[in-house]
Amino acid sequence: MCDCPQRNRQRVGVPDRRRRRHAMNTGKSGELVNQIAEIDAFDRTECIDCWREMFGRSPPKYLSPQFMKRVLIWEAQNRVLGGVSVKTTRRLKQIAAGETVATIAKPGSHLVREWNGRTYQVEVKGSGFVMDGKSWRSLSALAKHITGAHWSGPRFFGVK
């Protein structure tokens, strides 16, 4: 039914390009395509059996076969091509815990913040920031200008 034995499981980070290319060149991509087609043709009981084989336990109750197929295909791809990176896993855990995840402001992006009923839009430039046509060297200076008090600029705008 499911060709995914527990011992072949790979739970490491994303492999480097050479390893991924090697996996593709050694016919693993063909195996993966076949495995995906096989999983896609499963009925509910086959999905449950394959889930038990892949994860070592029964799936949660009331999962639809379509959803189980998506998870099984995703896991099969991870086993052949490698899992998600440690950085991505950490970020997903932060999001799941309800923590705000700070983003990095790259040149060309716009930061928007509402303060006391007014919306402020700041454009990120390579050498600083621009708001209302005026250049600023730091987000902290901008935050102080907007609020009248000392603020951490990155915290005020929600960026790193």
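Which strands does helix α6 lie across? Keep that one in mind while we walk through this predicted model, starting with another helix.

Take helix α2, which covers residues 28-40. With 13 residues at 1.5 Å a residue, α2 should span 18 Å, and the C-alpha atoms at its ends are indeed 18 Å apart, so the expectation and the model agree. Now look at which side chains are tucked away: Leu 32, Gln 35 and Ile 39 of α2 are buried. Seen down the axis of α2, the buried residues fall within an arc of 65°, so they line one face of the helix. There's a neat general reason for this kind of pattern: an α-helix has 3.6 residues a turn, so residues three or four places apart point the same way. On the face of α2 turned away from the buried side you'll find Val 33 and Asn 34, which are exposed. And what covers the buried residues? The cover includes α3 (44-55) and α4 (65-81).

Next, hop over to the sheet. Its 4 strands make an open sheet in the order β1-β2-β3-β4, and the pairing is antiparallel. At the edges stand β1 (110-115) and β4 (134-136), each with a single partner strand, so one side of each has no neighbour in the sheet. On average, neighbouring strands here are turned by 30° against each other, direction ignored.

Let's zoom in on one pair. Strand β1 is joined to β2 (residues 118-125) by 6 bridges, and the two run antiparallel. Leu 111 stands opposite Val 122 in β2.

Back to our opening puzzle: helix α6 (residues 139-147) lies across β1, β2, β3 (128-131) and β4, and runs at about 30° to β3.

Note on methods: Residues numbered from 1 in each chain as written. Predicted model: local features only at pLDDT ≥ 70, side-chain atom pairs only at ≥ 80, totals over all residues. Heavy atoms only, no water. Expected span 1.5 Å × (residues − 1). Buried < 20%, exposed > 50% of the residue type's maximum accessible area, 1.4 Å probe, protein only. Arc of directions from axis to C-beta. Contact = heavy atoms within 4.5 Å. Pairing = 2+ DSSP bridges. Axes fitted to C-alpha atoms, helices over the stretch in contact; angles between N-to-C directions.
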